[in-house]
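Reader: I would like to go through this model and ask what stands behind the labels put on it. Please give the value and the criterion each time.

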Amino acid sequence: RRTDRRPTTPLADADRPTCRVGEKRQTEIPTPMSGSSLKAVVGRGLREAGARLREKGGAEIFTRHRPSMMLNMKKPFQTNDTFVAPTASVIGEVTNWDESSVWYGAVVRADSGHPITVGFMSSVGDRAVVNTLGPDVETLETGFAPDVHIGHYVTVGAGSVLISCRVEDCVDVGEGCTIMEGALVEENVVLEPGTVVPAYGRIPSGQ
């Protein structure tokens with residue numbers, strides 16, 4: 001028998017375990033991360049990794065702006081050869097036909113239940129705004145719906161404003177023009193920069 005054991009010191013009352021016979025010892029278990037928090041962390045990591053890879057690959061980095069956005073269960077329709085600039089906004093029930101384009105800073109907003117159509121090879125210039133009247137207006141005084149129709153081969157100049165109007169084919173809308181609700185611009189028309197077409201006005205063909 002070994003006799004070199006060190007003398008043991010009795011434990012003080014404060015150092016004694018508090019667990020009694022028959023009781024389960026409680027241990028602190030770390031709380032697992034919730035599903036939403038885990039998705040947020042993983043998503044942020046993937047976004048940062050993707051941005052880093054694009055930067056290393058020489059890609060141009062833009063802000064997290066959404067050029068095309070669904071609204072009220074209406075998603076913009078775009079063909080494969082439609083160009084929408086990274087800083088443009090195409091919102092709601094908008095139809096962009098073949099080779100049409102929406103340029104930098106332009107807003108095409110169909111958020112009131114009335115559709116907007118941009119025709120074949122037509123372009124909406126920089127900072128132009130195309131929208132419709134509010135949802136409380138179901139028909140215009142002419143009896144037509146307050147939609148926006150931009151025909152084929154139409155150029156909408158930079159900074160122009162179009163509201164619930166109809167522009168026929170082969171029209172050149174100059175910079176800073178304003179076309180109000182119910183107005184009709186017939187085909188083969190050239191509007192000088194700064195032209196204002198009043199509500200329910202009509203520009204005959206060939207002007």
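**Labels and their grounds**

Author: This is a predicted model. One pairing to start from: R109 stands opposite N131 in β10.

Reader: What makes β7 and β10 a pair?

Author: Two strands pair if at least two bridges are found between them. Three bridges join β7 to β10 (residues 129-131), so the criterion is met. The two strands run parallel.

Reader: Which other strand is joined to β7, and by how many bridges?

Author: Strand β4 (residues 89-92) is joined to β7 by four bridges, again in parallel. In that pairing V90 is opposite V108. β4 also pairs with strand β1 (residues 68-69), in the parallel sense and over two bridges. There M69 stands opposite I91.

Reader: How do you know that the side chains of β7 alternate?

Author: Along residues 107-110, V108 and A110 point to one face and are buried. V107 and R109 point to the other face and are not buried.

Reader: Why is S100 called buried?

Author: Buried means under 20% relative accessible area. S100 has 1% relative accessibility, so it counts as buried.

Reader: Where is S100, and what is it in contact with?

Author: S100 is found in the loop between β5 (94-96) and β6 (101-102). Leaving aside neighbours within four places in sequence, S100 is in contact with D81, T82, F83, V118, G119, M121 and S122.

Reader: What makes the approach of the S100 side chain to the backbone oxygen of W97 a polar contact?

Author: The limit is 3.5 Å between N or O atoms. A polar atom of the S100 side chain lies 2.6 Å from the backbone oxygen of W97, so the distance is within that limit.

Reader: Which sheet contains β6?

Author: β6 belongs to an open sheet of six strands, in the order β3-β6-β9-β12-β15-β18, with parallel pairing.

Reader: Why do β3 and β18 count as edges?

Author: β3 (83-84) and β18 (190-191) each have a single partner strand, so one side of each is left without a neighbour in the sheet.

Reader: How many bridges join β6 and β9?

Author: β6 and β9 (residues 123-124) pair over two bridges, in the parallel sense. With at least two required, the pair qualifies. S101 stands opposite S123 in β9.

Reader: Why is E181 said to have no salt bridge?

Author: A salt bridge needs a side-chain nitrogen of Lys or Arg within 4 Å of a carboxyl oxygen of Asp or Glu. For E181, the nearest side chain of opposite charge is R109, 12 Å away. That is outside the cut-off, so no salt bridge is assigned. E181 is nevertheless buried.

Reader: Where is E181, and what is it in contact with?

Author: E181 is in the loop between β16 (178-179) and β17 (184-185). Apart from neighbours within four places in sequence, E181 is in contact with L133, I163, S164, A199 and Y200.

Reader: How many helices and strands does the chain have, and what share of residues is buried?

Author: The chain has one helix and 20 strands. Of its 207 residues, 30% count as buried.

Notes. Residues numbered from 1 in each chain as written. Predicted model: local features only at pLDDT ≥ 70, side-chain atom pairs only at ≥ 80, totals over all residues. Heavy atoms only, no water. Buried < 20%, exposed > 50% of the residue type's maximum accessible area, 1.4 Å probe, protein only. Polar contact = N/O pair within 3.5 Å; in protein donor to acceptor, adjacent residues only side chain to side chain. Contact = heavy atoms within 4.5 Å. Lys, Arg positive; Asp, Glu negative; His and termini not counted.
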